[in-house]
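I am opening a notebook page for this structure and want to write down, entry by entry, what I looked up. I will begin with a pair of packed helices and go on from there.

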Amino acid sequence: MTDQPSLHVATDDQDHVAARPRLEYFPISFFASVLGMAGATIALQRAERFLGLPFSISGILLVVSLALFLTIATFYGLKAARHPDAVRREFAHPVKINFFATLSINLLLFGIAFLRLNSDVSRLFWMAGAALHIVFTLIILSAWMQRTTVQIQHINPAWFIPVVGNILVPIAGVEHAPAEVSWFFFSIGLIFWLALLTIVLHRIIFYPPLPERLRPTLFILIAPPAVGFISYLRLMEHDVSGFTLDGFARVLYYVALFLLVLLLAQARQFVTLPFYISWWAYSFPVAAITIATVLMVSRTNLWVFQGLAYALLIGLGALIVVLVFRTTVAIVQRKICVEDE
């Protein structure tokens, strides 16, 4: 009986005990949600410009995306201050390490989103994002090369994030720096995409399926060629007056489109998955192929691309609504920010 009181803790103590682990397990992958929101913002901006949408909500979505980024950055900053060992464990993890680059990619996306709204703000986001991303690229690539614990089972499409994120740089970069800077980043992203694509396909085809938690990352396969198409158009339009499309641009776009169709043909394996924060991996790739398709409309004026663009916009909007709802429910039910998230 003398031990019984020790089993009961005051309410304030309970809240403190419960709060600490949740902050300690706040995942770096949460920044992927900002990728989806910012990507959807840019998709709406392009649709409003090239498709003449009868409404304009991209400004609202941009504010929401910024607020989400600042909120997540604040919580992760608190985690880094209070639980630095937890951050080091994530950085040492063969999968989670790749999501650190989503921080710099977020900055690059905001640089793109502000490009036609405020050039000075866009430049600040772009400079911070480009500088930070090349640092992450060097650090993470070095970690891949030096660590002896990495195994083929650790490979998944999230490995594209650190190096292929470089392809984003020219989209705003051609406005803020000499073109050679943008070509530098584009070249890194493109070549490493091709190299990693071979490794990832080898892992997917010849080894057991990805764990449920990582299966949504298969949609990341769509992002490199879709973003590559957008970035290549920006580079060529800057270098060649009157440029519209060429064979290489079409190859990038149609590879991205085929990968989307390939994954949608396997939709059953995705819709039956329980919710994880990794579901946000669906969002940015879908936003990227949506933006690419809107650009195809502007370059070709073909009705098939216009219809596809509207379908993708509707699908992207529905996807974002579902992801926000499921994430909110998971937060309320305390299923996020737990060990091994």
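Entry 1, a helix pair. I am working on a predicted model, and I started by listing which side chains come together: Y253, Y254, A256, L257 and L260 in helix 11 meet I289, A292, T293 and M296 in helix 13. Sorting this contact of helix 11 with helix 13 by class, I counted eight nonpolar residues, one polar residue and no charged ones.

I then asked how the two rods lie against each other, since two packed helices are described by the angle between their axes and the distance between the axes. The axes of helix 11 (residues 247-264) and helix 13 come within 11 Å and cross at roughly 130°. That angle makes helix 11 oblique to helix 13, because only angles over 145 degrees would count as roughly antiparallel. I also noted that the crossing of helix 11 and helix 13 is left-handed.

Entry 2, another partner of helix 11. Which residues does helix 11 bring to helix 14? I found Y253, Y254, L257 and L260 on the side of helix 11, where they meet F305, L308 and L312 in helix 14. By class, this contact of helix 11 with helix 14 holds seven nonpolar residues, with no polar and no charged ones. The axes of helix 11 and helix 14 (residues 303-332) come within 14 Å and cross at roughly 50°, and the two helices are therefore oblique to each other. The crossing of helix 11 and helix 14 is again a left-handed one.

Entry 3, salt bridges. How many salt bridges does the structure hold? I read off six, and I followed up some of them.

In one, the side chains of R89 and E24 meet, with 3.2 Å from N to O. R89 lies in helix 4 (residues 84-92) and E24 in helix 1 (residues 11-24), so this pair ties together parts that are 65 residues apart in sequence. R89 is partly exposed, and I noted its relative accessible area as 47%.

In another, R234 forms a salt bridge with E175, and the closest N and O atoms are 3.1 Å apart. R234 belongs to helix 10 (residues 223-239) and E175 to helix 8 (residues 169-176), so the pair ties together parts that are 59 residues apart in sequence. Is R234 buried or exposed? I have R234 down as buried, at a relative accessible area of 17%, because buried means under 20%. Its partner E175 counts as partly exposed, at 49% relative accessibility.

I also looked at R299, which forms a salt bridge with E237, the closest N and O atoms being 2.1 Å apart. This pair links distant parts of the chain, with R299 in helix 13 (residues 283-300) and E237 in helix 10, 62 residues apart. Both ends are partly exposed, R299 with a relative accessible area of 21% and E237 with one of 28%.

Entry 4, back to helix 8. Having met E175 there, I wanted to know why helix 8 can be called largely enclosed by the rest of the structure. Seven of its eight residues are buried, so that description fits helix 8. The buried ones are V169, P170, I171, A172, G173, V174 and H176. I looked up what covers these buried residues, and the covering parts include helix 5 (101-113), helix 6 (119-146), helix 9 (179-206) and helix 10.

Key:
Residues numbered from 1 in each chain as written. Predicted model: local features only at pLDDT ≥ 70, side-chain atom pairs only at ≥ 80, totals over all residues. Heavy atoms only, no water. Salt bridge = Lys/Arg side-chain N within 4 Å of Asp/Glu carboxyl O. Buried < 20%, exposed > 50% of the residue type's maximum accessible area, 1.4 Å probe, protein only. Axes fitted to C-alpha atoms, helices over the stretch in contact; angles between N-to-C directions. Parallel < 35°, antiparallel > 145°, perpendicular 65-115°, else oblique. Left-handed = near helix turned anticlockwise from the far one by under 90°. Contact = heavy atoms within 4.5 Å. Nonpolar A, V, L, I, M, F, W, Y, C, P; charged D, E, K, R; others polar.
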